Structures are given as structure tokens and as C-alpha cells.
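Let's walk through this structure together, one region at a time. Keep the sequence and the 3D view side by side as you read.

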Amino acid sequence: MDRKELSWLILGLASCALIWIFLILAGEIAEGETQAFDVMILRALRSPDDLSKPIGPAWLEGALLDLTALGGSTVLGLVIFAVVGFLLLQTRYRTALVVAITSISGELVSSLLKQAFNRPRPSVVPHLRDVYTMSFPSGHAMESAIVYLTLGAILMRATESRLTKLYCLGMAMLLTLLVGISRVYLGVHYPTDVIGGWMIGFVWASVCWMAAARFETTARIKAERAKSA
């Protein structure tokens with residue numbers, strides 16, 4: 001087993017473990033076992049005297065409103081459009097296709113999961129941002145994980161420096177983390193919504209990239225056989 005195959009095996013096992021944990025979490029949510037924890041966290045982020053006021057300095061709310069937009073459909077759509085356009089100009093057609101398919105399919109999976117679980121939005125604290133869809137899993141957390149981790153993986157493949165690779169991965173994870181935290185702070189998601197979104201986002205991005213890598217490897221083998229024939 002070479003290094004690449006070992007990496008795929010580890011990533012596959014991690015994805016299976018996350019799916020298993022996600023299903024356990026979804027079951028606990030359906031039975032109401034996580035409600036006390038979720039409510040405790042949401043209320044801890046608000047002023048005891050006025051639940052409409054979040055804790056922290058006045059500028060923090062504005063900053064997190066800006067950060068939460070990084071996981072919205074508009075911003076993510078613009079990011080994907082810009083990245084796919086750049087990749088097409090660089091004649092990296094296969095990578096552009098993978099990025100487009102991963103992000104679009106992730107949006108569809110997010111919508112299907114929300115409809116399947118049909119969990120209402122938190123009502124224990126006032127929302128600091130308008131929301132219109134169901135709560136579990138968090139679409140912002142899931143889709144930001146898919147997009148930013150996918151872009152991080154592209155950048156990691158474009159460099160040989162281990163430090164630069166770690167930087168790309170770290171920034172992708174930081175953006176994903178900040179978007180999820182902002183959703184809880186603004187009162188539009190329970191913490192378990194965000195955790196579930198992170199898990200499925202990582203799994204979906206990993207599955208798409210494993211499939212793309214396997215296809216690329218197979219295509220190379222066929223090309224080599226064709227040359228030697």
C-alpha cells in the first residue's frame with residue numbers, strides 16, 4: 001500500500017466514523033436529548049437581563065454578522081464562480097468541474113437533510129439575523145466546510161512546502177469554524193446544528209475529492225497503457 005492509498009484509507013475511515021457520529025447525534029436531537037445543552041449555550045451568549053442583547057462589546061455583533069455572510073449562498077456562490085473561472089482560464093478543466101460539482105451537490109444535500117430532519121429554528125433567544133429554512137444541519141456550517149476545505153485542498157496541491165500546506169488547511173478550517181460560531185452567536189442555530197453541518201460538510205468534500213482523485217489515477221493508468229500499446 002503506497003502513501004496515497006494509505007491517505008485515502010484514513011480519509012475513508014474518518015468519513016465513515018463522522019457519518020456514524022452524525023447519525024447518533026441526529027437520533028439524540030430527534031429524542032430531545034440535546035435540547036438542554038443547546039438552550040444552555042444559546043442563553044449563555046446573551047445578557048441575562050435582556051435575551052435580545054448578545055454578550056461582548058458592541059462591535060462583536062457587527063463582526064459576526066460580517067463573518068456569517070462568508071457561509072451564505074451569495075458569498076459562496078461568488079467565490080465558486082471566481083475560482084471556477086480562474087481554473088478554466090488556467091485550462092484546469094477537471095479541477096474546475098470537481099469544484100463546481102462538489103459545491104452544487106453540497107447545496108442540494110444540505111436542502112435535502114434540512115427537509116428530512118425538519119428541525120425548527122431556536123426560539124429560546126431572539127434571532128439577530130433573518131432566517132427562512134429549517135435548522136438541522138446548519139447550511140452555513142456545512143456549505144462553508146465544503147467550499148473552504150475544497151479550496152484549501154486545491155491550494156495544498158499547488159505547493160510543495162509542508163508549512164504552506166498546513167497554512168492553507170489551517171485557514172480553510174478557521175473560516176469554517178468562524179462561520180459556524182457566528183450562527184450560534186446570532187441565535188439562528190443550535191450548537192448541535194453547527195456540529196452536524198461541520199461533520200457532513202467534511203464528509204461530502206472528502207467523498208467528492210476521493211472520487212476525483214480515483215478517477216484521475218484511473219485516467220492516468222489508461223493513458224499509460226494506451227501509450228505502451
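Asn-118 is partly exposed, with 48% of relative accessible area. In this predicted model, Asn-118 sits in the loop between H5 and H6. Its backbone deserves a look as well: phi of Asn-118 is positive, about 50°, although the residue is not a glycine. Most residues other than glycine have a negative phi, and most peptide bonds are trans.

Thr-91 is another residue to pick out for its backbone. Phi of Thr-91 is near 60°, which is again a positive value in a residue other than glycine. You will find Thr-91 in the loop between H4 and H5. Is Thr-91 buried or exposed? Thr-91 counts as exposed, because its relative accessibility is 52% and the cut-off for exposed is over 50%.

Now return to the loop between H5 and H6, where Pro-137 lies. The peptide bond leading from Phe-136 into Pro-137 is cis, and its omega is near -10°.

With those loops in view, step back to the whole chain. The protein has 229 residues, and 41% of them count as buried. Its secondary structure comes to eight helices and two strands. Following the sequence from start to end, you meet them in the pattern α-α-β-β-α-α-α-α-α-α. Take the contacts between residues at least 6 apart in sequence: 77% of these join residues at least 24 apart.

The strands make a good next stop. E1 covers residues 46-47 and E2 covers residues 50-54, and the two pair in the antiparallel sense over two bridges. A hairpin of two residues links E1 to E2. To find your bearings here, look for Arg-46, which stands opposite Pro-54 in E2.

Next come the helices, beginning with H5 (residues 93-117) and H6 (residues 139-157). Their axes come within 9 Å and cross at roughly 165°. How do H5 and H6 run relative to each other, roughly parallel or roughly antiparallel? An angle over 145 degrees counts as roughly antiparallel, and therefore H5 and H6 are roughly antiparallel to each other. The crossing of H5 past H6 is right-handed.

Which residues make up this contact? On the H5 side they are Thr-95, Val-99, Thr-102, Ser-103, Gly-106, Glu-107, Val-109, Ser-110, Leu-113 and Lys-114. On the H6 side, Gly-139, Met-142, Glu-143, Ile-146, Val-147, Thr-150 and Ile-154 meet them. Sorted by class, the contact of H5 with H6 has seven nonpolar, seven polar and three charged residues.

H6 also packs with helix H4 (residues 73-89), at an angle of about 25° and with the axes 11 Å apart. That angle makes H4 roughly parallel to H6, because angles under 35 degrees count as roughly parallel. H4 passes H6 in a left-handed crossing. From H4, the residues in this contact are Ser-73, Leu-76, Val-79, Ile-80, Val-83 and Leu-87. They meet Glu-143, Ser-144, Val-147, Tyr-148, Leu-151 and Ile-154 in H6. By class, the contact of H4 with H6 has nine nonpolar, two polar and one charged residues.

Let's zoom in on Ser-103, a residue of helix H5. Why does Ser-103 count as buried? Its relative accessibility is 16%, and buried means under 20%. What does Ser-103 touch, leaving aside its neighbours within four places in sequence? Ser-103 is in contact with Ile-80, Ile-146 and Val-147. You have met these partners already: Ile-80 is among the H4 residues that meet H6, while Ile-146 and Val-147 are among the H6 residues that meet H5.

Our last stop is Cys-208, in helix H8 (residues 191-228). Cys-208 is buried, with a relative accessible area of 15%. Not counting residues up to four places away in sequence, Cys-208 touches Thr-102 and Ser-105. One of these, Thr-102, also appears among the H5 residues that meet H6. The C-alpha atoms of Cys-208 and Ile-101 are separated by 8.3 Å, although their positions lie 107 residues apart along the chain when you count from one to the other.

Notes. Residues numbered from 1 in each chain as written. Predicted model: local features only at pLDDT ≥ 70, side-chain atom pairs only at ≥ 80, totals over all residues. Heavy atoms only, no water. Axes fitted to C-alpha atoms, helices over the stretch in contact; angles between N-to-C directions. Helix = DSSP H or I, 4+ residues; strand = E, 2+ residues; numbered from the N terminus. Parallel < 35°, antiparallel > 145°, perpendicular 65-115°, else oblique. Left-handed = near helix turned anticlockwise from the far one by under 90°. Contact = heavy atoms within 4.5 Å. Nonpolar A, V, L, I, M, F, W, Y, C, P; charged D, E, K, R; others polar. Pairing = 2+ DSSP bridges. Buried < 20%, exposed > 50% of the residue type's maximum accessible area, 1.4 Å probe, protein only.
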